[in-house]
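Here is a short briefing to read alongside the model. Have the viewer open and follow along topic by topic.

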Amino acid sequence: MNYCGIKKNDIANGTGVRVTLFVSGCTHRCHGCFQPQTWDFSYGDEFTTEVEAEIMTALEPSYIHGLTLLGGEPFEPENQRVLVDFLTRVRERFPQKSIWCYTGYLFDKELMRPSRARCEVTDRMLSMIDVLVDGEFVLSKKNISLQFRGSENQRIIDVKKSVSAGKIVLWS
C-alpha cells in the first residue's frame, strides 16, 4: 500500500487533535475530489514499518485524541489488507484513542453487504473504527459549513452502536 501524506496535528478530520494518514488508491473518482492524485494506487510512498513507527510516535502525546484514515480510499480491498494489521497495533497500544475513517463506500449497503469493497478483512477493520464518515463526495451537494464532511449526502456514523443496533446510528 502507498500513502501520500501524514498530518501529525490535524483538527479538521475528526474530534480533537488527530494524526491523519492519507492512503493512495481510489476507484470512486468523485467529480470535484480535492486530491485526485490519490486515485492512483502507486502515488506517494510505500507504507513501511518505519512509517508506521512514525505514526505510532505521533500518537503518543496525551493531547492527541486519535487516528484518522483518509484517502484515496481506505476501504479499497488492497488498502484494507494492509491497514487492518496496522489498526490492530494502534488499538493494542492506544486503546483510549479513537479511530475515524473516511470512505466513499456506504456503510450499510457496501461495507456490511457483498460489494466490491468487501473482502476477508472488512469486518475486522470495521471492528476497530469508532466513527465512519461514509458516502462519495458529491460536488452538487458540497457544503463548507458541515462539520467533518464535504457534501450533504455523507453521514457520520457511530460504527460500534450501528453494528450493535443492526441499523445506522449517527454519531453525535
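A residue counts as buried when its relative accessible area is under 20%. Keep that cut-off in mind for this predicted model, because F148, at 13% relative accessibility, falls into the buried class. From there we can look at the aromatic pairs, a central strand's surroundings and the largest pocket.

**Aromatic pairs**

- A pair of aromatic rings is described by the distance of the centres and the angle of the planes.
- Five aromatic pairs are found in the structure.
- One of them joins W100 and W171 edge-to-face, with 5.1 Å centre to centre and 70° between the planes.
- This pair links distant parts of the chain, 71 residues apart: W100 sits in strand β5 (residues 98–102), and W171 in the segment after α5 (159–165).
- How do the two partners differ in exposure? W100 is buried at 1% relative accessibility, whereas W171 is partly exposed at 25%.
- W171 also pairs with F148: the ring centres are 5.9 Å apart and the planes lie at 70°, so this pair is edge-to-face.
- Here too, distant parts of the chain are linked, since F148 belongs to the loop between β6 (131–134) and β7 (155–158), 23 residues from W171 in the segment after α5.
- Elsewhere, ring pairs connect Y3, F47 and F86 into a cluster.

**Strand β5 and its neighbours**

- Five of the five residues of β5 are buried, so the strand is largely enclosed by the rest of the structure.
- In a regular strand the side chains alternate between the two faces of the sheet.
- In β5, S98, W100 and Y102 point one way, while I99 and C101 point the other way.
- Strand β4 (residues 64–70) pairs with β5 in the parallel sense over four bridges, and L69 stands opposite C101.
- Between these two strands the chain passes through helix α2 (residues 77–93), making a right-handed β-α-β crossover.
- β5 and β6 also run parallel, joined by three bridges, and L132 in β6 is the bridge partner of C101.

**The largest pocket**

- The largest pocket has a volume of about 700 Å³.
- Which residues are closest to its centre? Of the 32 residues that line the largest pocket, these are F34, L70, Y102, F137 and Q154.
- By class, its lining has 14 nonpolar, 12 polar and six charged residues.
- Y102 ties two topics together: this residue is among the closest to the pocket centre, and it is also one of the buried residues of β5.

Notes. Residues are numbered from 1 along each chain as its sequence is written. This is a predicted model: local features need pLDDT of at least 70, side-chain atom pairs count only at pLDDT 80 or more; totals for chains, interfaces and linings use all residues. Side-chain values use heavy atoms; hydrogens and water are left out. On a 1 Å grid over the protein atoms alone, a cavity is a set of points where a 1.4 Å probe fits but cannot get out, and a pocket is an open set with protein on both sides within 12 Å along at least five of seven lines; lining residues have an atom within 4 Å of a point. Grid points are joined across faces, edges and corners, and a volume is the space filled by probe spheres set on the points. Ala, Val, Leu, Ile, Met, Phe, Trp, Tyr, Cys and Pro count as nonpolar, Asp, Glu, Lys and Arg as charged, and the others, Gly among them, as polar. Rings of Phe, Tyr and Trp (its six-membered ring) pair if their centres lie within 6.5 Å; planes under 30 degrees apart count as stacked, over 60 as edge-to-face and the rest as tilted. Buried means under 20% relative accessible area, exposed over 50%, partly exposed in between (1.4 Å probe, protein chains only). Two strands pair if DSSP finds at least two bridges between them. A crossover is right-handed if, with the strands pointing away from the viewer, the path from the first strand over the helix to the second runs clockwise.
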